[in-house]
Structure formats: C-alpha cells, structure tokens
Amino acid sequence: LVVLHGAGSTELGPWDLADPRGCHGGLPPSLIASGKAPAVLSERFAVLAPYAENRGSFAREPRKKLFQFIDWACSPAGR
C-alpha cells in the first residue's frame, strides 16, 4: 500500500505521519502507530509512505522518482 500524504504541513519531519493528532492523522501510518488500524494492514501489507519533507506535496516532483522508489521497495534490496 503506497500512501501519498497530500498537501499538509511537512515541516515537522516524517515522524509526523505517525502522529494521530498531526495534520496527517487518519492516514495509515498514524492508524498503525496508534493501534487503530485493522491488524491485517500491518500483518499482510507493506505500507510505504514516502514523505515530501519541506514540500507541499509530490505534485511537483517527477513521477519517475516515485516509481523508482516503489520499484526499489519491491526489489530484494528494498525488502
């Protein structure tokens, strides 16, 4: 499962994705960290959450970068 965080605040760093009270609260990383996600999410899925630190979103990034990240994560090196 690839989670793209959208255009919230990105000044606090990637750990903000896991903060249920942060601006990314309600996304899978925060639900997993707070124990509110269904167990199957962390037991049967790899949750990838690239973080656009100090950027509004990934909208201005070349799509190629995200695809390279996903390819790496699915490769033996990323496992």
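## Cysteines

At 46% relative accessibility, Cys23 of this predicted model counts as partly exposed, because its value lies between the limits of 20% for buried and 50% for exposed residues. Cys74 also falls in the partly exposed class, with a relative accessible area of 47%. A disulfide would require a pair of cysteine sulfur atoms within 2.5 Å, and the structure holds zero disulfides.

## Overall architecture

The protein chain contains three helices and zero strands. Read from the N terminus, the order of its elements is α-α-α. Helix H1 covers residues 28–33, helix H2 covers 39–44 and helix H3 covers 63–74.

The C-alpha trace spans about 35 × 30 × 15 Å along the principal axes of the protein chain. For 79 residues, a compact globule would be expected to have a radius of gyration near 12 Å; the value for the protein chain is 13 Å, in agreement with that expectation. Among contacts with a separation of 6 or more, 53% join residues that are 24 or more positions apart.

## Burial and surface

Of the 79 residues in the protein chain, 28% are classed as buried. The exposed area of the chain amounts to about 5,600 Å², and carbon and sulfur atoms supply 57% of that area.

A nonpolar patch on the surface is formed by Leu1, Val40 and Phe45, which together have about 270 Å² of accessible area. Phe45 is located in the loop between helix H2 and helix H3. With a relative accessible area of 47%, Phe45 is partly exposed, and this value satisfies the patch criterion because that criterion asks for over 30% relative accessible area.

## The salt bridge

How many salt bridges does a search of the whole structure find? The search finds one salt bridge. Side chains of opposite charge can pair when their charged atoms come close. In this model the partners are Asp19 and Arg21, whose closest N and O atoms are 4.0 Å apart.

The accessibility of each partner can also be stated. Asp19 is partly exposed, at a relative accessible area of 27%. Arg21 has 76% relative accessibility and therefore counts as exposed, the limit for that class being over 50%.

## Ala73 in helix H3

Ala73 belongs to helix H3. Is this residue buried or exposed? Ala73 is buried, because its relative accessible area of 12% is under the 20% limit.

Apart from neighbours within four places in sequence, Ala73 is in contact with Leu48, Gly78 and Arg79. The contact with Leu48 joins positions 25 residues apart in sequence, and the C-alpha atoms of Ala73 and Leu48 are 8.1 Å apart in space.

## Lys36 in the loop between H1 and H2

Lys36 is placed in the loop between helix H1 and H2. A relative accessible area of 64% makes Lys36 an exposed residue, because the value is over 50%. Lys36 and Ala49 are 13 residues apart along the chain, and a distance of 17 Å separates their C-alpha atoms.

Key
Residues numbered from 1 in each chain as written. Predicted model: local features only at pLDDT ≥ 70, side-chain atom pairs only at ≥ 80, totals over all residues. Heavy atoms only, no water. Buried < 20%, exposed > 50% of the residue type's maximum accessible area, 1.4 Å probe, protein only. Patch = residues over 30% accessible without salt bridge, like charges linked within 9 Å, V, L, I, M, F, W, Y side chains within 5 Å. Areas by Shrake-Rupley, 256 points an atom, 1.4 Å probe, with all protein chains shown as cover. Salt bridge = Lys/Arg side-chain N within 4 Å of Asp/Glu carboxyl O. Helix = DSSP H or I, 4+ residues; strand = E, 2+ residues; numbered from the N terminus. Rg over C-alpha atoms; globule rule 2.2 N^0.38 Å. Contact = heavy atoms within 4.5 Å.
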